[in-house]
Amino acid sequence: MTAQYIPVLMAFAFAGTVAVAIVGLSVLLGRGRLRPPRKTETYESGMPLLDASRKRVSVKYFVVAMVFIVFDIEVAFLYPWAVTVRELVAEGARAVLLDGLIFLVLLGFGYVYLWREGAFDWSREGSRR
Amino acid sequence: MWAELAVTAAKLLLIAVGLLTAIPVMVWVERRGAAFIQDRLGPNRVGPLGLVQPIVDAVKLFFKEDITPAGVSRGLYFLAPMVAIFVALVTFIVIPFGAGTDVTVFGVPLSGVMVAPGLGVGVLYLLALGSLSVYGIVLAGWSSNNKYSLLGALRSSAQLISYELAMTVSVMGVILAAGSLRLDAVVAYQSQHLWNAIPQLVGFLVFVVAAFAETNRLPFDLPEAETELVAGYHVEYSSMKFAAFFMSEYVNMVTISALMVTLYLGGWTFPGHRALSGWPLLLLSVLSMLVKVSFVLFTFVWVRWSLPRFRYDQLMRLGWKVLLPLAVLNLVWVGVGVGYGWL
């Protein structure tokens, strides 16, 4: 049972080695020559820096993230359903389709609510509507 | 035991080297393809037809000065490219690149040139680890302490999570039809029935659009959008740290193309594969897979140089209001189809 994860561990080890090697090589081979302060300044198309880069972020990004988490968890519930439908139907339990449909309809209520609240509208005109 | 480990390691290295070799080839196809579409020559001086150009570029990148800007958060700044390349190189192990024949090496079955043939969670593993790639982008954008980077990273994370939903729901249709999370079972199902792209055309189209968005390719390249964000989340990266992002993008593109072929375009199957067995079947199936993946990859280039970029509100609207309902409709159709024995 656990043997199936050995290839996964091997892939992790391989990918980790490559990742460290690439960044390590970059540090070793590209070691700095001159470092005048202008060179390491934050890049802003050649303009002098106006202000800090880390400022407040539009709340829309947070809304998208929250909506995503809600729906992604719902989708996770669908995986076991999807895998077993064929087997259950073959055993004559066609009601499993109805179960899935009810789940999707319940999900649909939340979706319609979010749509009407304007959670999916990015532009300002959309959210006012 | 040791023979099994050796064969697994050999398969892993073989496919990983194949993926990494695909990067310069893809760069060449992209640049020459762009030149062809725009009626110009493209790189043609280094080697025959400019074929050596990407390799020369890679060597150049290795010896470029590695600049760490003054304002960065050092730990995260170095971690981000590692996360990007790590995620790109662990996802491919559940994809069957060839037919599961009776061919054995050192007494170990090759099982479809799949690195992790026993892994029961199959495509779920690929989707789960693939979605970690957003961490590489967000960490890079935030740790760079740069306005372009931060904006690129924010846009990218919102875009990736929006399209991931549509993508997972469309993949669910395939899982439902095959009755398994394992990708070799999906291919086996398609070798008995039609390619999934035909009965599940809507799901296939949703998957294609989401695949373009997930790989940050035009028409969904807003995270990079040269004309407004210069280069987006990796603007403060130089040398091989930049190359790590670049490489991971191309590897992700190859992986998602292989996934698309496996889920919807019949995987390694080809006309008349049932008449063959042993080595001929294995070699021809790998060739068939390569041809299909190459075609999908060419489509990526083709679309990139044909379509303009979306506006951000259009992008979010397409993802949430169009693709997600369509993917759910596809799932309902496949459920009914399986329930009444049509699929």
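The following paragraphs describe how two chains of a predicted model meet and how their helices pack.

Residues are numbered from 1 along each chain as its sequence is written, and chains are lettered from A and ligands numbered from 1 in the order in which they are written. Because the model is predicted, local features need pLDDT of at least 70, side-chain atom pairs count only at pLDDT 80 or more, and totals for chains, interfaces and linings use all residues, while side-chain values use heavy atoms and leave out hydrogens and water.

Confidence is expressed as pLDDT (the predictor's confidence in each residue, from 0 to 100). Chain A has a mean pLDDT of 82, with 92% of its residues at 70 or more. Within chain A, helix α4 (residues 124-128) has the lowest mean, 51, and helix α3 (residues 95-117) the highest, 88. Helices here are DSSP runs of H or I with at least four residues, and strands are runs of E with at least two, numbered from the N terminus. For chain B the mean pLDDT is 86, and 99% of its residues reach 70 or more.

The interface between the chains comes next. The contact (heavy atoms within 4.5 Å) takes 63 residues from chain A and 83 residues from chain B. About 6,500 Å² is buried between chain A and chain B, and carbon and sulfur atoms give 72% of that area. Buried area is the accessible area, found with a 1.4 Å probe, that two parts lose on being put together, summed over both.

One part of this interface pairs helix α2 (residues 59-90) of chain A with helix α12 (residues 312-339) of chain B, whose axes come within 11 Å and cross at roughly 15 degrees. Axes are lines fitted to C-alpha atoms, for helices over the stretch in contact, and angles run from 0 to 180 degrees between N-to-C directions. Angles under 35 degrees count as roughly parallel, over 145 as roughly antiparallel, 65 to 115 as roughly perpendicular and the rest as oblique. α2(A) and α12(B) are therefore roughly parallel to each other. Residues of α2(A) in this contact include Phe68(A), Trp81(A) and Arg86(A), and those of α12(B) include Met316(B) and Trp320(B).

Another pairing across the chains joins helix α1 (residues 6-29) of chain A and α10(B), with axes that come within 7 Å and cross at roughly 155 degrees. This angle makes α1(A) roughly antiparallel to α10(B). Ile22(A), Val23(A) and Ser26(A) of α1(A) meet residues of α10(B), among them Lys241(B) and Met247(B).

Inside chain B, helix α10 (residues 239-264) also packs with helix α7 (residues 183-192), where the axes come within 8 Å and cross at roughly 45 degrees. α7(B) is therefore oblique to α10(B). The contact involves Leu183(B), Val186(B), Val187(B) and Gln190(B) of α7(B), together with Leu259(B), Thr262(B), Leu263(B) and Tyr264(B) of α10(B).
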